[in-house]
Amino acid sequence: MNMSMTKEKPSDMLIDEKKPGKKTKSHSPLIEALWRMRKNRIAVVGLIIILVFTIMAVFAPLLAPYDPLDQSLYDKLKPPAWLEGGGWKNPLGTDDFGRDIFSRLIYGARISMMVGFISVGIAFFVGTFLGAVSGYYRGITDTIIMRFIDMLLSFPYFLLAMVLMTILGPSLNNAMIAIGIVTIPRFARVVRGSVLDEYSKDYVQGARALGAGDARLIFFHILPNCMAPLIVQCTLGFGEAILECAALSFIGLGAQPPEPEWGAMLAQARALILRAWWVITFPGIMILLAVLGFNMLGDGLRDALDPKLRD
Amino acid sequence: MFPTMFGVSVLIFFMIQLIPGDPALLILGERATESSLKAVRINMGLDKPLHVQYGKFMYKLVQGDLGDSFRSNEPVTKEIAIFFPATIELSLVAIIIASFVGMVAGVISATKQYSIFDYSSMVFSIMGISMPIFWLGLIFILIFSVHLGWLPISGRLSAHMEVELVTGFVLLDSLITKNWAAFRDAFWHILLPGFTLSTIPMALVARITRSSMLEVLRQDYIRTANAKGLSPLVVHYKHALRNALIPIVTVIGLSFGILMGGAVLTETVFAWPGMGLWILNGVYSRDYNVVQGGVLLIAFIFILVNTVVDILYVWINPRIRVN
């Protein structure tokens with residue numbers, strides 16, 4: 001999606017660099033990309049959405065009027081404030097245990113952000129390690145690792161997560177691990193491709209000539225130069241992890257009630273579809289918005305970091 | 001293709017072994033005596049080393065035997081024959097909706113770049129790939145079934161309808177047997193789940209069609225086609241789309257994996273009696289043979305679809321064949 005891509009020169013800062021006699025300052029490709037991205041409205045909106053969810057997650061106890069687990073059996077299934085029977089005491093209504101939906105949604109942001117961090121963290125570290133080793137050593141190591149990765153990729157993503165959940169047992173922590181594992185192949189492939197590209201470049205050979213060992217070459221010289229596609233992958237992966245975790249919770253394999261996880265909230269609300277539309281509607285909107293934010297930012301970052309699209 | 005299939009079968013077999021719990025205990029129940037448990041283990045070959053068990057599993061697999069379901073005591077293959085057509089029918093409807101709507105939206109977006117239609121279709125498509133489809137299904141039920149009362153809430157057919165099964169595909173069977181009432185009923189039943197399941201592939205197809213068409217439309221032969229006075233419809237859909245098709249076909253092929261994952265969720269929401277729901281029930285009740293057989297079949301089909309996509313490339317683009 002490059003429709004609102006900036007078409008001007010990437011940045012004024014870079015033009016300054018070319019002036020003779022002026023002290024040059026190098027900018028990392030990431031900063032350059034972020035600079036280019038500021039004109040991409042879709043990406044900026046994505047970033048704002050993510051910031052809002054981050055604030056919700058961090059300050060949940062301050063923002064939420066009630067404890068997400070507090071039940072109030074006198075206030076069961078109260079409609080949202082703007083409907084008859086609702087009140088500003090529970091702005092988005094209550095569920096069938098009289099729990100405040102607004103508070104549960106805010107605490108849900110906390111769970112979803114944590115899911116994103118941990119799942120993507122697992123995939124990032126393991127995937128990057130496997131991909132880097134594969135691309136650096138090539139030969140038989142590469143063949144073994146990549147065959148295994150290809151095998152994992154020949155499963156539908158969600159089905160593999162389901163099988164892993166059967167092994168690990170249903171819980172939020174295990175869902176994060178399972179989602180992390182099924183995301184490893186993507187990171188490994190991206191990193192392997194980038195490492196293969198970088199490997200033959202002069203700076204790597206230079207560092208090797210200076211006596212750098214394999215580990216130093218991989219982690220301090222090659223990997224920092226492979227970060228661009230990894231950052232895109234992390235952003236998109238974050239959104240996907242939130243979505244998959246909600247889906248696993250929805251079918252009862254992820255977060256368990258009464259945890260205020262959005263997918264688990266939907267699973268419980270299913271039975272109320274004929275009676276209380278608000279219990280079903282709001283958690284889904286939260287999932288959609290959170291995932292949308294990460295996808296919008298990820299798309300924008302990809303456009304901004306893609307060398308082919310640069311001026 | 002075959003080495004991957006072999007690898008996948010090994011992986012699934014060992015993953016299933018990792019599932020905690022004792023199959024013998026599952027079959028006999030908590031009150032079973034140690035000696036009867038032992039007898040079942042020996043009978044099932046669970047006392048043998050893993051590689052022997054795997055050999056036996058493969059030996060049976062090539063003969064089309066996936067073992068019996070612990071719950072129903074029926075052969076897994078027999079159950080697959082019941083549930084598989086329902087999922088394939090649903091997936092086919094979803095992929096047809098997704099390809100058609102996605103491609104048309106993508107072509108219009110590309111030919112009218114930066115128009116209102118382009119922007120809204122791109123906004124819809126990014127929403128589509130971010131969509132929790134299990135929620136969308138519930139919202140569809142809420143709107144079209146509960147409030148408007150237009151479409152049925154769940155299942156493949158109304159309770160009073162009966163279709164003589166020939167292929168297992170209800171839509172097709174009702175056509176074959178000229179049972180028009182059942183066909184109409186099945187059609188109304190498949191609409192909501194079909195649309196729900198098509199959301200993500202539709203968005204992906206629209207996005208890739210747009211970007212692929214934008215590349216093709218810049219080429220000289222399109223200018224020539226326009227210059228010689230062909231109608232825009234012919235230029236866009238016959239000349240341009242055909243050459244933009246390779247990435248689109250890849251996405252449609254890859255969508256199959258997404259559909260199979262999505263099928264679990266869609267089938268859960270709409271109580272659609274297909275493979276997804278069947279495997280999920282297998283997961284709940286730790287019915288190893290069902291999970292193993294179901295996942296294996298879907299993984300094999302996934303690999304097969306990817307191979308077919310590779311073959312389709314050659315058909316779509318004869319240049320690949322020449323090279």
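I take a residue as exposed when its relative accessible area is over 50% and as buried when that area is under 20%. The model I am reading is a predicted one.

**Aromatic pairs in chain A**

I searched the whole structure for aromatic pairs and found 21 over all chains. I looked up Phe53(A) with Trp262(A), an edge-to-face pair with 5.8 Å from centre to centre and 65° between the planes. Phe53(A) belongs to helix 3 of chain A and Trp262(A) to helix 12 of chain A, so that this pair links distant parts of the chain, 209 residues apart. Phe53(A) is buried because its relative accessibility is 5%, and Trp262(A) is buried as well, at 1%.

I then turned to Phe117(A) and Phe238(A), whose ring centres lie 5.3 Å apart with the planes at 85°, so I noted the pair as edge-to-face. Phe117(A) sits in helix 5 of chain A and Phe238(A) in helix 11 of chain A, 121 residues apart. Is Phe117(A) buried or exposed? I noted Phe117(A) as exposed because its relative accessibility is 60%, whereas Phe238(A), at 9%, counts as buried.

Also in chain A, I found Arg216(A) over the face of Phe220(A), 5.1 Å from the ring centre.

**Chain B**

I recorded one aromatic cluster formed by Phe6(B), Phe13(B), Phe14(B), Tyr54(B) and Phe57(B).

I followed helix 7 (residues 133–147) and helix 9 (residues 180–217) of chain B, whose axes come within 9 Å and cross at roughly 145°, in a right-handed crossing. Among the residues making the contact are Phe140(B) and Phe144(B) of helix 7 and Phe195(B) and Ile200(B) of helix 9. By class, I listed 9 nonpolar, 4 polar and no charged residues in this contact.

Note on methods
Residues numbered from 1 in each chain as written. Chains lettered and ligands numbered in written order. Predicted model: local features only at pLDDT ≥ 70, side-chain atom pairs only at ≥ 80, totals over all residues. Heavy atoms only, no water. Axes fitted to C-alpha atoms, helices over the stretch in contact; angles between N-to-C directions. Helix = DSSP H or I, 4+ residues; strand = E, 2+ residues; numbered from the N terminus. Left-handed = near helix turned anticlockwise from the far one by under 90°. Contact = heavy atoms within 4.5 Å. Nonpolar A, V, L, I, M, F, W, Y, C, P; charged D, E, K, R; others polar. Phe/Tyr/Trp six-rings, centres within 6.5 Å; stacked < 30°, edge-to-face > 60°. Buried < 20%, exposed > 50% of the residue type's maximum accessible area, 1.4 Å probe, protein only. Lys NZ or Arg CZ within 6 Å of the ring centre and 35° of its normal.
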